[in-house]
Amino acid sequence: LTELLKLSLMLTELLKLSLILTELLKLSLILTELLKLSLMLTELLKLSLILTELLKLSLMLTELLKLSLILTELDKLSLILTELLKLSLMLTELLRLSLIDTELDKLSLIDTELLRLSLIDTELLKLSLILTELVKLSLILTELLKLSLIDTELLRLSLIDTELLKLSLMLTELDKLSLILTELLKLSLIDTELLKLSLMLTELLRLSLIDTELDKLSLILTELLKLSLMLTELLKLSLMLTELLKLSLIATELL
């Protein structure tokens, strides 16, 4: 009877061990899911590389903006050339007027005509003065127009600068998140080590029937639970990363 009692006790112990083994198998399945999550984190690292490519594209955009500034300067030069052409036309008109003055000198023999011509000359002088004033005013207006164009361009550039500052801040945040991803990869490596430890624990359970070893295993299981909670927090961070990536794509489309 004593032997049977001992055997029954051993059977109960073996049943307990089998239950513990089933729990460990469940934990191994959870660890495989964690490995899948580590693969997803590698995909996120690939996305960070894509973001570096986007930074290169932003540098190319700055070069294009420099070229646009050069084109605006060329437009200003074309306006100056048109003004010079207008001045040349005015000079030709003045030459024609000088020829008319020579004809008037020939007709200066008649006194009455001279008086009339003198009056005409005074009127022409007044008109020439008025024309010079008008030319000065036109030049001033052209300068004002140039200044207004420069002001509009400066406003556009200031808006572009603000957008670029926002993008730089977003990129710094993305760099911080990439560092967090590297930490997550380190944790995934720790998970693989934990899998190895779980296999070792199964061997120890087969070999040992001592309660102290089971207590140690329970402590290890609690640590595994803590790690799983940490991994859930890291998953939340990865979701935040995806949202930030969407915002960066929207910002590039705005550019």
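These are short questions and answers on a predicted model, covering its salt bridges and its nonpolar patch.

User: What makes Glu-33 and Lys-36 a salt bridge?

Analyst: The distance. Their side chains meet at 3.6 Å, N to O. The cut-off is within 4 Å, so the pair counts. Both residues lie in helix H1, three residues apart, about one turn of the helix.

User: Why is Glu-33 called partly exposed?

Analyst: Its relative accessibility is 44%. Buried means under 20% and exposed means over 50%. The value for Glu-33 falls in between, so partly exposed is the term.

User: How do you know that Glu-93 and Arg-96 form a salt bridge?

Analyst: Their closest N and O atoms are 3.2 Å apart. The rule asks for within 4 Å, so the pair qualifies. Glu-93 and Arg-96 are separated by about one helical turn, because they stand three residues apart in helix H1.

User: Why is Arg-96 exposed or buried?

Analyst: Exposed. Arg-96 has 54% relative accessibility, and exposed means over 50%. Glu-93 has 42%, so Glu-93 counts as partly exposed.

User: What is the count of salt bridges by this rule?

Analyst: Eight. One of them joins Lys-66 and Glu-63, at 3.8 Å, N to O.

User: What makes Leu-84 fit the nonpolar surface patch?

Analyst: Leu-84 has a relative accessible area of 47%. Patch residues need over 30%, so Leu-84 passes that step. Leu-84 is found in helix H1, residues 2-106. The patch covers about 1,100 Å², and its members include Leu-81, Leu-87 and Met-90.

Methods:
Residues numbered from 1 in each chain as written. Predicted model: local features only at pLDDT ≥ 70, side-chain atom pairs only at ≥ 80, totals over all residues. Heavy atoms only, no water. Patch = residues over 30% accessible without salt bridge, like charges linked within 9 Å, V, L, I, M, F, W, Y side chains within 5 Å. Areas by Shrake-Rupley, 256 points an atom, 1.4 Å probe, with all protein chains shown as cover. Helix = DSSP H or I, 4+ residues; strand = E, 2+ residues; numbered from the N terminus. Buried < 20%, exposed > 50% of the residue type's maximum accessible area, 1.4 Å probe, protein only.
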